[in-house]
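Student: I am new to this structure and should be grateful for a close look at a single part of it. Would you please take me through the largest pocket and then connect it with its surroundings?

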Amino acid sequence: MLHRITKASTPRSYEITPEPMYLNRRQFIASASATIGLGPYSKALAAPKGFQFGPDFNTDVVDGYEQLGENESVTFPTSFFSYNNFNEFGPDKRDPINLSSGFISRPWEIMIDGLCAKPCVLDVDDFVRPYTFESRVYRLRCTETWSMVIPWVGISLAEVVKRFEPLGSCKFIRFETVMRPTEMPNQNTSALPWPYVEALRLDEALNPLSLLAVGAYGQSLLNQNGPPIRLVVPWKYGFKSIKSIVRITFTAEQPRTAWNTQIPSEYGFWANVNPTVDHPRWSQATERRIGDFIRRKTLMFNGYLDEVAHMYEGMDLQKHF
Ligand code: MTE
């Protein structure tokens with residue numbers, strides 16, 4: 001499996017590579033991959049047509065393509081950057097891009113607290129510095145039944161969790177989004193119980209798929225996508241992938257999460273993508289991949305069955321939805 005991208009502290013490729021050469025690099029890698037037989041990588045690196053990865057991260061070599069099927073390719077970035085759920089700015093898909101220009105995501109502090117040996121407050125750049133950025137292509141499936149395939153850039157959540165040394169009593173990790181009603185207009189309403197909170201069981205946070213993303217498509221996250229750092233949990237419905245995180249808490253109790261608190265009958269704590277459990281108001285059996293005309297069947301655990309099914313053995317996933 002290929003990964004290892006660039007150390008957070010190493011110079012970015014565009015700082016050391018002349019731009020025309022940099023911009024040609026992906027085509028070079030695509031053809032080189034084909035020549036040396038990297039199969040799925042060459043196919044995926046060539047997609048989407050006419051799209052150039054951004055210059056913020058040196059993310060030529062990526063993980064995650066092997067889980068994509070023959071009829072899947074990376075979603076065109078315009079959709080990822082303009083069709084969003086970020087309820088702090090408003091409920092409509094265009095609210096995040098239209099209403100987030102005043103959102104300030106640097107400087108940014110993250111508090112780590114609760115049941116861990118190393119609680120602290122860190123600037124986000126110090127928070128990510130020890131890690132190697134990785135690029136991972138993951139499906140994101142929203143409960144609203146649309147989905148995308150996104151090339152994220154981020155750091156392993158498992159590595160982050162281990163660094164702060166959870167105590168034996170820690171069973172869950174709670175994540176909290178920033179509270180900034182002056183910059184996030186919808187936080188002045190009671191649309192959701194602010195701040196937005198999400199949580200994972202400790203073993204889910206330690207699963208190698210779990211990512212703390214700082215970018216996508218080779219560039220830093222734009223305001224509508226939850227900068228400077230957000231969670232990405234590809235086998236769960238999109239609402240688990242909490243944006244603009246300011247606090248990570250190690251805890252013994254299952255935390256109360258935003259959507260589960262607001263509408264418990266519709267949004268469970270687990271949020272595992274499960275085509276056999278309908279949302280009370282619509283079916284979850286199929287999804288509309290953004291950019292496609294025909295709906296496709298939704299896959300159990302969003303297609304990451306091999307990587308995550310073992311964590312739920314013995315659990316009734318109809319009851320624990
Ligand atoms: N995080 C916060 N803080 N607020 C939100 O409203 N929406 C969630 C998730 N993270 C949300 C959030 C939902 S429902 C989805 S589908 C994804 O973000 C969408 O991420 P994207 O807009 O970057 O595609």
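**The largest pocket and its surroundings**

Tutor: The largest pocket holds about 510 Å³ of space. Its lining is made up of 32 residues, and those closest to the centre of the pocket are Asn85, Phe86, Asn87, Cys142 and Phe239. Please bear in mind that the model is a predicted one.

Let us begin with the lining. Strand 5, which covers residues 146–156, supplies the largest share of the pocket's lining, with 4 residues. Sorted by class, the residues that line the largest pocket comprise 17 that are nonpolar, 9 that are polar and 6 that are charged.

One residue from the centre of the pocket deserves separate attention. Asn87 sits in the loop that runs between helix 4 (77–82) and helix 5 (95–99). Is Asn87 buried or exposed? Asn87 has a relative accessible area of 17% and therefore counts as buried, since the cut-off for a buried residue is under 20%. Apart from its neighbours within four places in sequence, Asn87 makes contact with Asn186, Leu192, Trp194 and Trp259.

Asn87 also leads us to the ligand. The ligand is surrounded by 17 residues, and Asn87 is among the closest, together with Asn84, Glu88, Arg230 and Lys243. A polar backbone atom of Asn87 lies 2.7 Å from an oxygen atom of the ligand. In the case of Glu88, an N or O atom of the side chain is 2.8 Å from a nitrogen atom of the ligand. Ser241 takes part through its backbone, where a polar atom is 2.8 Å from a nitrogen atom of the ligand.

Ser241 in turn brings us to an enclosed space. Over the whole structure, a search finds 1 cavity of 30 Å³ or more. The volume of the largest cavity is about 40 Å³. Ser241 belongs to the lining of the largest cavity, as do Tyr138, Arg139, Leu140, Arg141, Trp152, Val232, Val233, Pro234, Lys236 and Gly238. Which strand gives the most to the lining of the largest cavity? Strand 4, formed by residues 132–141, gives the most, namely 4 residues. By class, this lining contains 6 nonpolar, 2 polar and 3 charged residues.

From strand 4 we may follow the chain into a loop. Thr145 lies in the loop between strand 4 and strand 5. Although Thr145 is not a glycine, it has a positive phi of about 80 degrees. Thr145 is also buried, because its relative accessible area is 10%. A second residue may be set beside it: Phe301, likewise not a glycine, has a positive phi of about 50 degrees. Phe301 is placed in the loop between strand 13 (296–297) and helix 10 (305–308). With a relative accessibility of 4%, Phe301 is buried.

The backbone has further points to note. Trp194, one of the contacts of Asn87, is joined to Pro195 by a cis peptide bond with omega near -5 degrees. Pro195 is found in the loop between strand 6 (172–177) and strand 7 (197–201). The peptide bond from Pro227 to Pro228 is also cis, and its omega is near -5 degrees. Pro228 is located in the loop between strand 9 (219–220) and strand 10 (230–232).

We return now to helix 5, which follows the loop of Asn87. Leu99 belongs to helix 5. With a relative accessible area of 40%, Leu99 is partly exposed. Once its neighbours within four places in sequence are left aside, Leu99 is in contact with Phe89, Glu183 and Pro185. Leu99 and Gln224 are 125 residues apart in sequence, yet their C-alpha atoms are 8.7 Å apart in space.

Finally, these details may be placed within the whole chain. The protein chain contains 10 helices and 13 strands. Of its 321 residues, 56% are buried. Among the contacts in the chain with a separation of 6 or more, 73% are between residues 24 or more positions apart.

Conventions. Residues numbered from 1 in each chain as written. Predicted model: local features only at pLDDT ≥ 70, side-chain atom pairs only at ≥ 80, totals over all residues. Heavy atoms only, no water. 1 Å grid on protein atoms, 1.4 Å probe; cavity = no way out; pocket = protein on both sides within 12 Å on 5 of 7 lines; lining within 4 Å. Points joined across faces, edges and corners; volume = space filled by probe spheres on them. Helix = DSSP H or I, 4+ residues; strand = E, 2+ residues; numbered from the N terminus. Nonpolar A, V, L, I, M, F, W, Y, C, P; charged D, E, K, R; others polar. Buried < 20%, exposed > 50% of the residue type's maximum accessible area, 1.4 Å probe, protein only. Contact = heavy atoms within 4.5 Å. Near = heavy atom within 4 Å. Polar contact = N/O pair within 3.5 Å; in protein donor to acceptor, adjacent residues only side chain to side chain.
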